[in-house]
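Reader: I have a model open and would like to see how the wording used for it is justified. Could you take me through it?

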Amino acid sequence: MKKIKKIGVMTSGGDSPGMNAAIRAVVRACAYYDVKCVGYYRGYEGMIDNDYIELSPRSVKNIINKGGTLLKSARSDRFRTEEGREQAYQNLKENGVDAMVLIGGDGTFTGGTVFSRAYDMPVVGIPGTIDNDICGTQFTIGYDTALNTVVDAIDKIRDTASSHNRLFFIEVMGRDAGFIALNSGVGAGAEEILVPEEDQHLEKLIESLKRSKRSGKTSSIVVVAEGDKTGKNVFELADYAKEHLPGYNPRVTVLGHLQRGGSPSCLDRVLASRLGVKAVEYLLDGQRDIMVGLINDEIIATPIDNIMKGEHEINKELLRISDILSI
Ligand code: F6P
C-alpha cells in the first residue's frame, strides 16, 4: 500500500455550520502526523479546475467559530461526467495528493464512491449537512446549529402569533427528510408537525387545529418540512386552512437559507473536530472509501457503499410525543 504523504480536503453540497471546524481538524491532524495538506475550493469543481491552497495549522486559525466554509462549496455537474472525474484525478496526481477527505452530504458521497471505484484514490467522507439525512451517523455536522437557529426563529414567530391570535405555517429545510421539522417542532412546542416520512392527511390536520381551538388555544404553529407529502406547498396549506378554519387568519414564513448560516454550536464544533481527526487517522491506517460517523458517542467507520444504500430514519416516537404535548 502506498504511504500517504499528502491529503486533500474539500467541502461540497449545501454548506453547514461546523464545516470550518472539520477543515481545521483535518489540517491540524495532518500536521500532527507530518502529512502535507491541501484544500480544494468549491468541492469537486476546484478538483476539476485545479483550484487549491496549501494548508498549514496557521491557515486555519480562528475559524472554529465561523459558519460557512473557508474552502467554499458547490454542487458540481461536471463531476457527474467521466471527463470531469478524469480531469480531477489527473490534477490530484500531478499535485501529489494521495487521498481525499470529502466533507458533505449524500451527493458528495455518491460522487466520491464513483470516483474512488474508478481511480486509485482513497477517500474518507465526513458527514456535513444540516439535513441529518445520512446513515452511518446519528448526527451530521451543522444539524444541531440549524435546529437551534430554527427553534430561535419559531420562538420569535410565536410571540407575534400569540399577540395576533394567528395560525402560522413555518417551512423548514431538510430536503426529503423530516429531522429538522420534527426536532425543531418538538423543541419549539409546535401544535402540528408535517414531515415527509409520515402520511399526514389534511383532514386530520384541520381536525386537530379545530380541537386546539376548542381547547382554548388562540394561536397555533404548524412546522412543515420542505419535502412533506401532503401534496400542497406551505402557501397552499395556508390557503386550505383559511378555507376550512373560519376565524383563523393564517400566515406563512419560509425560513430558507438562514438555517444554513451562523456560528456553529459547541456540539457541532466538537463533532467536527472528532470526525476530522479520525478521518485522517483512518486514512493513515490504510482504510479507504469509508465515512466517519458518530454512533453512541463513538466514532465509527462505515463503507461509503453502505451509506449510499442505507437510510437514516427519523424517530417516529417523537411524533407521538408531539401529539401528546400539543393537547
Ligand atoms: O442539503 C442542504 C439543503 O439546505 C437542503 O435542506 C435544501 O433542500 C437544499 O440544501 C437547498 O439547496 P440550495 O442551497 O442549492 O438551494
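Reader: What makes a residue part of the surroundings of the ligand?

Author: A residue counts when one of its heavy atoms lies within 4 Å of the ligand. By that test, R75, T129, D131, M173, G174, R175, E226, H257 and R260 surround the ligand. This is a predicted model, where local features need pLDDT of at least 70, side-chain atom pairs count only at pLDDT 80 or more, and totals for chains, interfaces and linings use all residues. Residues are numbered from 1 along each chain as its sequence is written, and side-chain values use heavy atoms, with hydrogens and water left out.

Reader: How do you know that D131 makes a polar contact with the ligand?

Author: The term asks for a pair of N or O atoms within 3.5 Å. A polar side-chain atom of D131 is 2.7 Å from a ligand oxygen, so the pair qualifies. For R75, a polar side-chain atom lies 2.9 Å from an oxygen atom of the ligand. At G174 a polar backbone atom is the partner, 3.1 Å from a ligand oxygen.

Reader: Why is the ligand said to lie between domain 1 and domain 2?

Author: Because domain 1 (6–142 + 264–309) and domain 2 (144–260) both contribute residues to the shell around the ligand. These bounds come from an automatic or database domain assignment. The C-alpha centres of the two domains are 34 Å apart.

Reader: What makes the two domains count as being in contact?

Author: Contact means heavy atoms within 4.5 Å, and 14 residues of domain 1 meet 12 residues of domain 2 in this way.

Key. Polar contact = N/O pair within 3.5 Å; in protein donor to acceptor, adjacent residues only side chain to side chain.
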